[in-house]
Amino acid sequence: MKQRFRVVIRCSKCGEKYILRGRKKDAGGYETGFIRCVCGNEDKLKVDVTPE
């Protein structure tokens, strides 16, 4: 069973904040299901990850 992480994503374009749970991917990064902010931003996101 893989460890879960608390992933906080902040949009630097509109300031929206998302708190999600995710798992580390084998290829790097984290799988949360997040695609884009409600403002349409997909690129300029600040991501903070902490273990649960």
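**Cysteine 39, at 32% relative accessible area, is partly exposed.** Partly exposed covers the range between buried (under 20% relative accessible area) and exposed (over 50%), computed with a 1.4 Å probe on protein chains only. The views show a predicted model, in which local features need pLDDT of at least 70 and side-chain atom pairs count only at pLDDT 80 or more, while totals for chains, interfaces and linings use all residues. Residues are numbered from 1 along each chain as its sequence is written, and side-chain values use heavy atoms, with hydrogens and water left out. With a disulfide taken as a pair of cysteine sulfur atoms within 2.5 Å, the count is zero. Cysteine 39 is in no disulfide, and its nearest cysteine sulfur, that of cysteine 11, lies 3.7 Å away. Cysteine 14 is likewise in no disulfide; the nearest cysteine sulfur to it belongs to cysteine 37, at 3.5 Å. Cysteine 14 is partly exposed, at 41% relative accessibility.

**Lysine 13 sits in the loop between S1 and S2.** The strand labels refer to DSSP runs numbered from the N terminus (strands, E, at least two residues; helices, H or I, at least four). Lysine 13 is exposed, with a relative accessibility of 60%. Apart from residues up to four places away in sequence, lysine 13 touches Cys39, Asn41 and Lys44; contact requires heavy atoms within 4.5 Å. Ten residues in sequence separate lysine 13 from glutamine 3, and their C-alpha atoms are 31 Å apart in space.

**Four strands form an open sheet in the order S3-S2-S1-S4, with antiparallel pairing.** Two strands count as paired if DSSP finds at least two bridges between them. S3 and S4 are the edge strands; each has a single partner strand, so one side of each has no neighbour in the sheet. The pairing of S1 with S4 is antiparallel and runs over seven bridges. Valine 8 is found opposite aspartate 48 of S4.

**The largest nonpolar core has six residues: Phe5, Val7, Ile9, Cys11, Tyr18 and Cys37.** Such a core is a set of buried Ala, Val, Leu, Ile, Met, Phe, Trp, Tyr and Cys residues joined through side-chain atoms within 4.5 Å. S1 supplies the largest share of this core, four residues. In soluble globular proteins, nonpolar side chains tend to be buried together. Isoleucine 9, one of the core residues, has contacts with Glu16, Lys17, Tyr18, Leu20, Phe34, Leu45, Lys46 and Val47 once its neighbours within four places in sequence are set aside.

**Two aromatic pairs are found in a search of the whole structure.** In one of them, phenylalanine 5 and tyrosine 30 meet edge-to-face, 5.2 Å centre to centre and with 70 degrees between the planes. This pair links distant parts of the chain, since phenylalanine 5 belongs to strand S1 (residues 4-11) and tyrosine 30 to strand S3 (residues 30-31), 25 residues apart. Rings of Phe, Tyr and Trp (its six-membered ring) pair if their centres lie within 6.5 Å; planes under 30 degrees apart are stacked, those over 60 edge-to-face, and the rest tilted. Phenylalanine 5 is buried, at 11% relative accessible area, whereas tyrosine 30 is partly exposed, at 29%.

**The salt bridges number four.** A salt bridge places a side-chain nitrogen of Lys or Arg within 4 Å of a carboxyl oxygen of Asp or Glu. Glutamate 52 and arginine 21 form one, with their closest N and O atoms 2.4 Å apart. Glutamate 52 is in the segment after strand S4 (45-51) and arginine 21 in strand S2 (residues 17-24), so this salt bridge ties together parts 31 residues apart in sequence. Glutamate 52 is partly exposed, at 47% relative accessibility, and arginine 21 is exposed, at 54% relative accessible area. In another salt bridge, the closest N and O atoms of arginine 36 and glutamate 42 are 2.8 Å apart. Arginine 36 is partly exposed at 46%, as is glutamate 42 at 43%. Aspartate 48 and lysine 46 also form a salt bridge, with 4.0 Å between the closest N and O atoms. Arg4, Arg21 and Glu52 are joined into one network by salt bridges that share partners.
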